[in-house]
Structures are given as C-alpha cells and as structure tokens.
Amino acid sequence: MAEEKKAPAGVWHTIKPFVNGGCSGMLATCVIQPIDMIKVRIQLGQGTAGTVTRTMLREEGVGAFYKGLSAGLLRQATYTTARLGSFKILTAKAIEANDGKPLPLYQKALCGLTAGAIGACVGSPADLALIRMQADATLPLAQRRNYTNAFHALYRITADEGILALWKGAGPTVVRAMALNMGMLASYDQSVEFFKDNLGMGEAATVLGASSVSGFFAAACSLPFDYVKTQIQKMQPDAEGKYPYSGSLDCAMKTLKSGGPFKFYTGFPVYCVRIAPHVMMTWIFLNQIQKFEKKIGF
C-alpha cells in the first residue's frame, strides 16, 4: 500500500517542471500579447511603435491587440512546457552525472540550447498560427486567411497546405529558440552569482535583477533569428506562385544585402520590452513555485 501511495508523487515529480513551465508561460503571454502584436507589425514594416499603436487603435480597436491570443496560449502550452520541462530534466541528469556537483555555466548553456530546440520543435505549429493570425490584418482583403482561432488555423493549414506545412519556418524557429535559451539561461546564472555573491543582494532583489539581465540578453541573442522566422512564416507567393525567399539563409542574405546587419534588429526596443518582461515573469513565477513547494514539502 505504501508503494501505491508513492506512485502519484513520483508521477507528479516527473511532470511538475512541464506543468509549472507551461502555466508560467501562459500567464506571461496574457500580459505581453499586446506588445508582441506591436512587435510583429513593426517587423512587417508598418512603422514605429507609436505609429502602429495609434493606427491599430483607430482602425481596428483594442481587440486587435489580442488577435492571436489563443495561438499565443497554445504556443506557450506546447513550447514553454516542453523547453522548461526538458531543461529541468536535462540539468538534473547532468548534475547526477557530475556526482551531484553544481554544473559549470557552459553545461547549463548546452542544456538550454537542447531544451530550446526540443521546445521549438513541439511548439512550431502553434507559433506559425500565431504569426499568421497577427499578420493577417496587414494583408490585402483578398489574401487574408481569416482564421477564427488557433485550432481553426491549424486545421486550415493542414487541409490547404499539408501537415508538413505546420513546420514551415521550423528551422529558424529552432535556431531562434536555441539562441534565446542560451542568452536567457546563461546570463541569468551569471547574474545570480554576481548579484548574490558580489553585491550581497537578498533573494528577491537577486531574482528581479538577474531576470532583468536575462530578459535583455534573451532578446539580444534571439531577435535576428526571430526577424528571419517572421519573414519566412508570413510570406505569400506572387502572381507567378514564386515566394520572395527560398529559405532562411536566402532571407538572411537578402536582408543583410538590402538593409545591413542592423536590419535584423528592427523593432529591438519593442521586442526587448516584449521579451524581457516575459522572461522576468517566468523566472519570478518559477522561483515562487519552488519556494512554495519547499514550504509545504511537496
């Protein structure tokens, strides 16, 4: 009987990192969605943050800022659940292989890269639906897809373009996720050590400061890949059925040639404002969950 009672705890211990990660990501998305929408519109060439915001309010109303929210939540339920859960499991296995000693920074970064790739592969379909729903209003009426929600978008993409189309742009999505997680996890780890050991900050200040630095570097490392990913996912064929880019590398080279390296950082302030709070809230949420679990001995 004792063994039977321990089984559920063992199952929960296994799935807990995935559940906590997914919930934290979904909560953060509800807050960040309007900023993410503005970021996408800027990358699509509709102007500055102020111009895009005023135009959306005037022409589409407040609801436009939450267009694609269902896809955003689905993305977090898949991508963030997979990446944070995988990261926890990978680091636990690495620590076990390291005889219980803390991992050096490079090993944590490698775990972050791997977890990011896993999460991106799982979440790529929802990410594609999100980008298309956010960009739909920028297209001519005849070209709009008019998806009603994330699941309708996934159904239409599968029916119209084939199931493999759900992973269109998956290459840059995976690379972006790896870059984001490397910047996010590596900088957070280093910042915690600096704020705690060098500056002697308390736990709350350390988590807040480290998560802020983590958010900045996550944005800086991932924006170039996010820009390419967005261009690939939203492209439409011309009258002859030809797409503007043959792939991610072609998109990157043409962008570099036409706009230089800084073109990849189009909308960086808004992107940073969008990414940093999301990263910060994720870290803070997980930190509070861990404290609560220790308190109740869960």
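How far apart do the end C-alpha atoms of residues 202-292 lie? Select that span in this predicted model. Its end C-alpha atoms lie 18 Å apart. Colour the span by secondary structure: 76% of it is helix and 0% is strand.

Next, select residues 12-93. This span is 83% helix and 0% strand. Its end C-alpha atoms are 17 Å apart.

Where do these spans come from? UniProt, in an unreviewed entry, lists residues 12-93, 103-194 and 202-292 under "repeat: Solcar". Select residues 103-194 to see another of the listed spans.

Now switch to the domain assignment. Colour domain 1 by selecting 19-66 and 278-293 together. Give domain 2, residues 79-166, another colour. Then add domain 3, residues 169-265.

Hide domain 2 and look at domain 1 and domain 3. Their centres, taken over C-alpha atoms, are separated by 16 Å. Show the residues where the two domains meet. Here 9 residues of domain 1 are in contact with 17 residues of domain 3.

How much area do domain 1 and domain 3 bury between them? The value is about 1100 Å², with 69% of it on carbon and sulfur atoms. Search for salt bridges between the two domains, and the count is 0. Polar contacts are there, though: 2 residue pairs, both at pLDDT 80 or more.

Stay on the side of domain 1 that touches domain 3. Select helix 1 (2-43) and helix 9 (268-296), the elements that give two or more residues to this side. Helix 9 provides the largest share, 6 residues. Finally, colour this side of domain 1 by residue class: 5 nonpolar, 2 polar and 2 charged residues appear.

Terms used: Residues are numbered from 1 along each chain as its sequence is written. This is a predicted model: local features need pLDDT of at least 70, side-chain atom pairs count only at pLDDT 80 or more; totals for chains, interfaces and linings use all residues. Side-chain values use heavy atoms; hydrogens and water are left out. Domain bounds come from an automatic or database domain assignment. Contact means heavy atoms within 4.5 Å. Buried area is the accessible area (1.4 Å probe) that two parts lose on being put together, summed over both. A salt bridge is a side-chain nitrogen of Lys or Arg within 4 Å of a carboxyl oxygen of Asp or Glu. A polar contact is a pair of N or O atoms within 3.5 Å; within protein, one must be able to donate a hydrogen and the other to accept it, and residues adjacent in sequence count only if both atoms are side-chain atoms. Helices (H or I, at least four residues) and strands (E, at least two) are DSSP runs, numbered from the N terminus. Ala, Val, Leu, Ile, Met, Phe, Trp, Tyr, Cys and Pro count as nonpolar, Asp, Glu, Lys and Arg as charged, and the others, Gly among them, as polar. UniProt positions are given in the numbering used here, feature names are shortened, and annotations may be inferred rather than shown by experiment.
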